[in-house]
Amino acid sequence: MATQLASSFAETLAYEEERRRAKALAEIDRAKTEFFANVSHEFRTPLTLMLGPLEDVLTRSPALSPEDRERLEVAQRNALRLLKLVNTLLDFSRIEAGRAQGAYAPTDLARLTADLAGVFRSAVESAGLKLIVDCPPLPEPAYVDREMWEKIVLNLLSNAFKFTSSGEIEVRLIVSQGNFELSIRDTGTGIPQDELPKLFERFHRVADARGRTHEGSGIGLALVQELARLHAGSVDVTSSLGQGSTFTVRIPRGKSHLPAEQIKAAPNTGPLGAQPFIEEALRWLPDASPLEAHVVADVVQNVPLQDRTGARARILLADDNADMRDYVRRLLEARYEVETVGDGEAALAAMARAKPDLVLSDVMMPRIDGMQLLARVRADPKVSTVPIILLSARAGEESRVEGMQAGADDYLIKPFSASELLARVEAHLKMAQLRAEATESLRASAELFRAFVTASSDIVYRMSPDGTEMRYLQGKDFVPHTLAPSQRWLAKYIHPDDQAQMMAAIARAIEAKSIFELEHRIIRADGTLGWAHSRAIPMLDGSGDIVEWFGTAREITEQKQAEHELRKSEERLRSAVEVGRLGLWDWNVTTGEVYWSDEHFRMEGYGVGEVTPSYDAWTARIHPADRPAAEAALRQAMQTRQEFVSEFRVVHPDGVIRYLYGRGRFFYDEAGQPIRMTGAMVDMTERREWEERQKVLVAELQHRTRNLLGVVRSTADKTARASTDLSDFRVRFRDRLEALSRVQGLLSRLGEHDRVAFDDLIRTELSAVAGGSERIVLDGPAGVRLRSSTVQMLAMALHELATNAVKYGALAQPAGRLSVQWSLQRNGTDGKPWLNIAWRESGVDMPPRGAGPVGTGQGRELIEQALPYQLSARTSYTFASDGVCCTISIPVSLSTLELDEHA
């Protein structure tokens, strides 16, 4: 037990010691970060006082001797180098303290990267190297912090230039696997493999690296890594010793990976901050010479010294640093009246004596600092409109945002150039002048508004805070005036059915202290009813309480009548759509929302409201074979701005297939992008079915016509050969044409799928030729259907038999009898059905055997030769002692069931 307690106690002490150690390390780290921030901050004011006068002397003193100018340029270059180091340290301090906040905005990353690389071109080519910039346009903007991206690109380019003595440097930007990928490749000295894991550590420098210089802080690559991480990205390196290195930065596409509060609508469009990097790079060359201004200077336009009429603008400068006060005063006093004070309290006293036109204030000052001064000024109505520019050594987006949110008009970070300060002061003085002019214009506008109200045709009124009293109303000949306060306004003006709605709307507006607005019926001056649109705004006092309502009312009677007619028209249109069975759609291309009419749901095979209308719901019902063509037609219409026209099949859940025909058109925005599509569909199924039937009927008609013409031609030929003269031919031919006409009459009365029955055919022919003779016996099954191609030829054969019987046979003699029997049988090995017809005449006095045949023999030729040839029939034709015997067997198309029924 004692051993366990001792062990537990030792572990507790060890844990507590580790916790104290971690806390101490964290405290040291915070102190280190705070130290970096403070040192960087303290460096900025001296750097301002160094760089500002240096720039002023170099740009405004053309009489300097070459030796003096060279010395001053050396001082300026090294001050810029020191500023670059200070900025880098400050960046690290902000990142480690968690205060580094980006301003991520949609940016043309290819153009920005190419511009940054282009700034280095002069230095690279001066060193005898080749610079390759491969930054093609990207498919979309990249969300980056412009300042951070500049530091990433410039640090990597500077590093590549430093360690590349021959060959080339390539800057390449592409889109790869959901990332924007920047790679900077050089043909420099390369990096040993054992150094690569430590390359991005802060202050790490590769031992014995051969470069243009041994100078360097060892924090450039570490800063690049931290800045890439702030973009949710990464940086890595591949290198081969003696052949070169490639640094690759990847940041994700889109903006979902970034903090929402740090995403901006538009990027900062300030000048490129490349001057310190280019200045330093060119000093590494053996024959370094002073840079031309257009190569390294930031893009800053000098503010011209303009002639002023009248009194000069008065500027109040507050700064606790006497040198800074003196320097800024000397910059400004050539243009403006300048008063300087040492802190915020003195600034407030100076403003109480005389209102300045603009205030320049340092942020960190004793007694009352710049932020407190800003708050006091904005709270004082007498001077609240005075523009204030804050001067601060605190760099970073968060400091700038803090100052702007507190009410500052501008925020200038030390060190700043003289031209930048002059430009901003001039700009804000002009803006203040414009605001003053706008205020005066607003006052004049208020006067004009009062005149407009008086001259307006709208009703103008004033009501009590609770809406119960009408204090004044000018009726404009629309409604009666109310010139003295009245509490009977509701009954006087508002239709009884709308009074409750009116008071409820007023109550809601009073509770929310918001605008009151309502359309309602109103009693006009002549006692008739009309419509008005009333709108009133609450007039508030200093404590935010309503003191009065000011409003107008506009007559909208004609508008309401038009709306009523429009609703009636829409109802008629809706009825027409339902009666016409039109399926309407309205597709919002931007949001994907789709509207379908009720008929559209039904056409697609959905119940009304069964699904949410969508593009996918539409394509899901299109027949798979038709879907590609329908979608292709839609895309083509969208791209070419042509009308969408497509006919396609849809498959309903029960398997029913319907044919739909759709037409529609797209609408586009000003940029040419499709935003909406409307259209209508009709069901073409019945029409398609009728078209198919029509095709079948036309084919059948063509077939029958060809057959009929063939029969007519054959009949005419044979009749002509058999006739003795033209008169005989006319009689015979007319008789046969009538037989054909009867057959065609039977065929024309049939439906699409109907067939001529044999019993109908034989009865029709015998009735036409022999009348209703009682000497004729017909016996056979009813409804035996014949092929259409069989009917004409068989009818002609029956006609010849019946005609001969009437002229020469059983029906020509008193004792003659005619029997026609038919039956169905399966014949042959295939078991197909055949129709067997037996024509038997009896009681006929036949001519002596060996006598010549009676008639022409055309009927017998038709039966014995034509039927077997054209119908594959089996026939026989004989003369018995008492009459003609003829048998005809032809194949027919019947199902087994029909065969069994007839059997």
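**Exercise 1.** Is Asp362 buried or exposed in this predicted model?

*Solution.* Begin with the location: Asp362 belongs to strand E10, which covers residues 358-362. Next, take the relative accessible area of Asp362, which is 7%. Buried means under 20%, so Asp362 is buried. Finally, list the surroundings. With residues up to four places away in sequence not counted, Asp362 touches Ala318, Asp319, Asp320, Gly370, Leu391, Ser392 and Lys414.

**Exercise 2.** Classify Tyr595 and Met502 by accessibility, and identify the contacts of each residue.

*Solution.* Tyr595 lies in strand E19 (residues 594-596). Its relative accessibility is 47%. Because this value falls between the limits of 20% and 50%, Tyr595 counts as partly exposed. Leaving out residues up to four places away in sequence, Tyr595 touches Leu584, Trp585 and Asp586. The C-alpha atoms of Tyr595 and Trp585 are 5.4 Å apart, although 10 residues separate the two in sequence.

Met502 sits in helix H15 (residues 499-512). A relative accessible area of 3% makes Met502 buried. Neighbours within four places in sequence aside, Met502 is in contact with Trp489, Leu490, Ile494, Phe516, Leu518 and His520. From Met502 to Glu517 the separation is 15 residues in sequence and 9.4 Å between C-alpha atoms.

**Exercise 3.** Determine whether the length of helix H23 agrees with its number of residues.

*Solution.* Helix H23 runs over residues 788-807 and has 20 residues. At 1.5 Å a residue, the expected span is 28 Å. The end C-alpha atoms of H23 are 29 Å apart, which agrees with that expectation. As to its environment, H23 is mostly covered, with 16 of its 20 residues buried.

**Exercise 4.** Describe how H10 packs against H11, and how H5 packs against H6.

*Solution.* Two packed helices are described by the angle between their axes and the distance between the axes. For H10 (residues 344-353) and H11 (residues 370-379), the angle is about 25° and the axes are 9 Å apart. Since angles under 35 degrees count as roughly parallel, H10 is roughly parallel to H11. The crossing of these two helices is right-handed. H10 contributes Gly344, Ala347, Leu348 and Met351 to the contact, and H11 contributes Leu373, Arg376 and Val377.

For H5 (residues 146-162) and H6 (residues 220-230), the axes come within 9 Å and cross at roughly 150°. This crossing is left-handed. On the H5 side the residues in contact include Met148, Ile152 and Leu156, which meet residues of H6 including Leu221, Val224 and Ala228.

**Exercise 5.** Which residues of the largest nonpolar core touch the most other members?

*Solution.* The largest nonpolar core holds 47 residues, and Leu109, Trp149, Ile169 and Val249 touch the most other members. Helix H5 supplies the largest share of this core, 9 residues. Apart from this core lies another of 38 residues, among them Ile762, Leu798, Leu811 and Leu871. The contacts of Val249, beyond residues up to four places away in sequence, include Trp149, Ile152, Leu156, Val224 and Ala228.

**Exercise 6.** How many helices and strands are there in the protein?

*Solution.* The protein has 25 helices and 29 strands. Of its 903 residues, 40% are buried. Among contacts between residues at least 6 apart in sequence, 61% join residues at least 24 apart.

Definitions and conventions
Residues are numbered from 1 along each chain as its sequence is written. This is a predicted model: local features need pLDDT of at least 70, side-chain atom pairs count only at pLDDT 80 or more; totals for chains, interfaces and linings use all residues. Side-chain values use heavy atoms; hydrogens and water are left out. Helices (H or I, at least four residues) and strands (E, at least two) are DSSP runs, numbered from the N terminus. The expected span of a helix is 1.5 Å times one less than its number of residues. Buried means under 20% relative accessible area, exposed over 50%, partly exposed in between (1.4 Å probe, protein chains only). A nonpolar core is a set of buried Ala, Val, Leu, Ile, Met, Phe, Trp, Tyr and Cys residues joined through side-chain atoms within 4.5 Å. Contact means heavy atoms within 4.5 Å. Axes are lines fitted to C-alpha atoms, for helices over the stretch in contact, and angles run from 0 to 180 degrees between N-to-C directions. Angles under 35 degrees count as roughly parallel, over 145 as roughly antiparallel, 65 to 115 as roughly perpendicular and the rest as oblique. A crossing is left-handed if the near helix is turned anticlockwise from the far one by less than a right angle, and right-handed if clockwise.
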